[in-house]
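Student: I am new to this structure and would like to go through it step by step. May we begin once it is displayed?

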Amino acid sequence: MKDLITPFLLTVLAYLVIGIISQTANAGTKNLMPSNLPPIYKQECGSCHMSYPPALLPKESWAEMMNGLHKHYGTDASLDKQELNQISSWLNSNAGTYKRVKEAPPDNRITKSSWFEKKHRKVNAREFSKPSVKSASNCNSCHRNAEQGNFDDDEVFIPK
Ligand code: HEC
Ligand code: HEC
């Protein structure tokens with residue numbers, strides 16, 4: 001009997017360890033959008049492109065971006081004062097929680113972060129510029145559940 005119990009317990013233990021490891025691996029990219037997402041954020045900051053999770057940029061980058069909305073990557077994305085304050089404070093309190101976010105990237109672009117470049121090393125530059133994607137900034141053309149904050153590499157599809 002003893003001979004049987006030891007291998008059994010070891011198997012159970014192995015499954016537990018594997019389970020814990022794969023859970024922590026997923027925790028990083030499956031749920032990056034906070035549940036207290038204000039509707040105004042989706043309305044105002046999700047009208048020209050998807051609404052990016054605050055987790056993906058550090059506080060300094062969001063603050064700088066929100067201070068220059070009249071000159072936002074070649075467009076005018078100005079807001080009235082009340083909306084600006086509401087969105088800024090929500091971004092500030094939820095900024096940078098993705099574990100790979102460290103220094104502020106050039107131009108406050110998620111797509112110029114060093115972690116972004118590393119994670120997409122295997123994605124050919126041509127995939128980002130083809131008509132069905134247009135720009136690396138269109139996360140949701142490949143990460144189908146990006147609007148929900150899900151960037152898990154098991155759920156990513158490069159469109160034709
Ligand atoms: C009038 C349209 C418009 C609105 C409104 C708008 N944006 Fe943008 N945004 C753009 C364009 C255009 C780009 C550049 C996209 C590209 O290079 O493909 C951009 C880029 C970005 C990027 C960088 C993406 C990257 O390449 O990493 C972030 C972050 C961003 N916007 C956040 C916001 C936030 C926050 C708001 C709301 C305050 C907002 N945007 C509102 C048009 C807009
Ligand atoms: C052309 C398609 C494409 C676009 C656009 C794209 N990605 Fe990705 N992304 C991928 C692929 C493919 C992988 C998996 C790469 C691998 O496993 O080597 C990936 C991986 C990732 C990962 C790592 C996932 C993990 O589980 O470790 C993150 C985070 C991520 N992308 C975020 C983004 C964000 C944020 C944007 C937009 C600013 C974006 N991606 C735009 C294709 C894309």
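Tutor: Helices are DSSP runs of H or I with at least four residues, numbered from the N terminus. Please note that this is a predicted model.

Student: In which helix is Val12 found?

Tutor: Val12 has a relative accessible area of 36%, and is therefore partly exposed. Together with Ile5, Phe8, Leu9, Leu10, Leu13, Leu16 and Val17, Val12 forms a nonpolar surface patch of about 750 Å² accessible area. The helix that holds Val12 spans residues 2-30 and is H1.

Student: Which residues are the protein donors of the iron atom of ligand 1?

Tutor: The two residues come from distant parts of the chain, 23 residues apart. One lies in the loop between helix H2 (39-45) and helix H3 (59-66), the other in the loop between H3 and helix H4 (81-94). Each donates through NE2 at 2.0 Å from the iron, and they are His49 and His72.

Student: What is the arrangement of the six donor atoms around that iron atom?

Tutor: For six octahedral donors, the ideal angles are 90 or 180 degrees. Here the six donor atoms subtend angles of 87 to 179°, so the arrangement is octahedral.

Student: Is His72 buried or exposed?

Tutor: Buried means under 20% relative accessible area. His49, at 26%, is partly exposed. His72 has 13% relative accessibility, so His72 counts as buried.

Student: How many disulfides does a search of the whole structure find?

Tutor: Cys48 is exposed at 72% relative accessibility, whereas Cys142 is buried at 12%. A disulfide requires a pair of cysteine sulfur atoms within 2.5 Å. Across the whole structure, the number of disulfides found is zero.

Note on methods
Residues are numbered from 1 along each chain as its sequence is written. Chains are lettered from A and ligands numbered from 1 in the order in which they are written. This is a predicted model: local features need pLDDT of at least 70, side-chain atom pairs count only at pLDDT 80 or more; totals for chains, interfaces and linings use all residues. Side-chain values use heavy atoms; hydrogens and water are left out. Buried means under 20% relative accessible area, exposed over 50%, partly exposed in between (1.4 Å probe, protein chains only). Patches are made of residues with over 30% relative accessible area and no salt bridge: like charges are joined within 9 Å, nonpolar side chains (Val, Leu, Ile, Met, Phe, Trp, Tyr) within 5 Å. Accessible areas come from the Shrake-Rupley method with a 1.4 Å probe; for residues, only the protein chains shown count as cover. A salt bridge is a side-chain nitrogen of Lys or Arg within 4 Å of a carboxyl oxygen of Asp or Glu. Donors are N, O and S atoms within 2.8 Å of the metal (3.2 Å for Na, K and Ca); water is not among the atoms, so sites may look incomplete. Four donors count as tetrahedral if all angles lie between 85 and 135 degrees; four count as square planar and six as octahedral if opposite donors are over 155 degrees apart and all others between 65 and 115; anything else is irregular.
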